[in-house]
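Reader: I would like to go through the charged pairs of this chain and the setting of one of its helices. Please show the sequence and the structure.

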Amino acid sequence: MAQHTILLVDDEKDIIDLLEIYLKNEGFRLLRAANGLEALSILQKEEVDLVVLDIMMPKMDGIEACLKIREQKNMPIIMLSAKSQDMDKILGLSTGADDYVSKPFNPLELIARIKSQLRRYTRLNVALPNKDHEIEVDELTINTLTHEVKVDGREVRLTPREFAILELLARHRGTVWSIEKIYESVWKEAYLDSDNTVMVHIRKIREKIEANPRKPKFIKTVWGVGYKVE
């Protein structure tokens with residue numbers, strides 16, 4: 001397991017010294033700051049996995065520091081405070097903190113919370129394949145980056161025009177597109193009423209992606225209006 005870096009931010013040196021002993025025994029790498037300004041400076045230079053942030057500090061308190069951190073960072077933040085009233089906790093959490101611990105606290109409890117937040121953060125931020133360029137309609141997958149089309153895992157070869165029509169309809173799933181709008185969007189020129197180019201292309205697309213082109217599953221005809229992908 002990679003070593004996690006914890007930033008401890010508190011103007012009470014005794015608390016920082018105590019936490020440092022416990023956290024180093026758990027294998028964490030520690031960084032220290034005495035106020036919010038120092039914390040922000042460190043975050044500009046270091047990769048930090050979690051911040052333990054006291055509220056009451058000179059120069060910049062924890063509330064303001066938390067707001068500033070959240071403008072650029074999304075790592076877990078655990079706030080510390082001698083205040084234990086519910087409204088103080090709500091204020092701390094509403095500024096972007098993930099957890100709140102009241103002083104005095106048991107260092108072992110804080111360490112347990114740190115580990116819990118790190119587990120949660122790591123689980124939610126596992127690197128996933130970037131699928132922004134993929135459009136999925138049931139078994140139909142359209143890759144706008146590679147211009148690949150697959151139906152139930154089987155690759156289908158479309159011409160550039162056919163691909164553009166299918167992408168247009170799939171990207172606006174549920175929207176009915178008239179023949180005129182499809183033509184002008186794909187061909188980028190004015191549509192002529194007598195032109196049946198779009199209908200021919202739709203027929204060819206269906207022959208390639210539909211199990212039964214006469215009863216299409218993906219590209220539906222809305223009679224008297226146009227076509228849509230459901």
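The questions below deal with salt bridges and then with a helix.

Author: A note beforehand: this is a predicted model.

Reader: How many salt bridges does the count come to?

Author: Side chains of opposite charge can pair when their charged atoms come close. The cut-off used is a side-chain nitrogen of Lys or Arg within 4 Å of a carboxyl oxygen of Asp or Glu. By this rule the number of salt bridges is 18.

Reader: What is the N to O distance in the salt bridge of D17 and K13?

Author: D17 and K13 lie four residues apart in helix α1 (residues 13–25), so about one helical turn separates them. D17 is partly exposed at a relative accessible area of 23%, while K13 is exposed at 54%. Their side chains meet in a salt bridge with an N to O distance of 2.8 Å.

Reader: How many residues apart are E139 and K217?

Author: The side chains of E139 and K217 form a salt bridge at 2.5 Å, N to O. This pair links distant parts of the chain, with E139 in the loop between β6 (134–137) and β7 (140–143) and K217 in the loop between α8 (197–209) and β10 (219–222). E139 is partly exposed at 34% relative accessibility, and K217 is partly exposed at 40%. The separation along the chain is 78 residues.

Reader: Which residue forms a salt bridge with E207?

Author: The partner sits four residues from E207 in helix α8, so the two are separated by about one helical turn. The closest N and O atoms of the pair are 3.9 Å apart. With a relative accessible area of 45%, the partner is partly exposed. The residue is R203.

Reader: Which residues do salt bridges with shared partners join into one network?

Author: D17 and K13 already form one salt bridge. Through shared partners, the network joins K13, D17, E20, K24 and R32.

Reader: Where do the buried residues of α2 pack?

Author: Helix α2 (residues 36–45) has the buried residues G36, A39, I42 and L43. They cover an arc of only 120 degrees around the axis, so they lie on the same side of α2. The face turned away from that buried side carries the exposed residues Q44 and K45. The buried residues pack against β1 (5–9), β2 (29–33), β3 (50–54) and α3 (62–70).

Reader: Which residue caps the N-terminal end of α2?

Author: A side-chain oxygen of the capping residue lies 3.0 Å from the backbone nitrogen of L37. That residue is N35.

Notes. Residues numbered from 1 in each chain as written. Predicted model: local features only at pLDDT ≥ 70, side-chain atom pairs only at ≥ 80, totals over all residues. Heavy atoms only, no water. Buried < 20%, exposed > 50% of the residue type's maximum accessible area, 1.4 Å probe, protein only. Arc of directions from axis to C-beta. Contact = heavy atoms within 4.5 Å. Polar contact = N/O pair within 3.5 Å; in protein donor to acceptor, adjacent residues only side chain to side chain.
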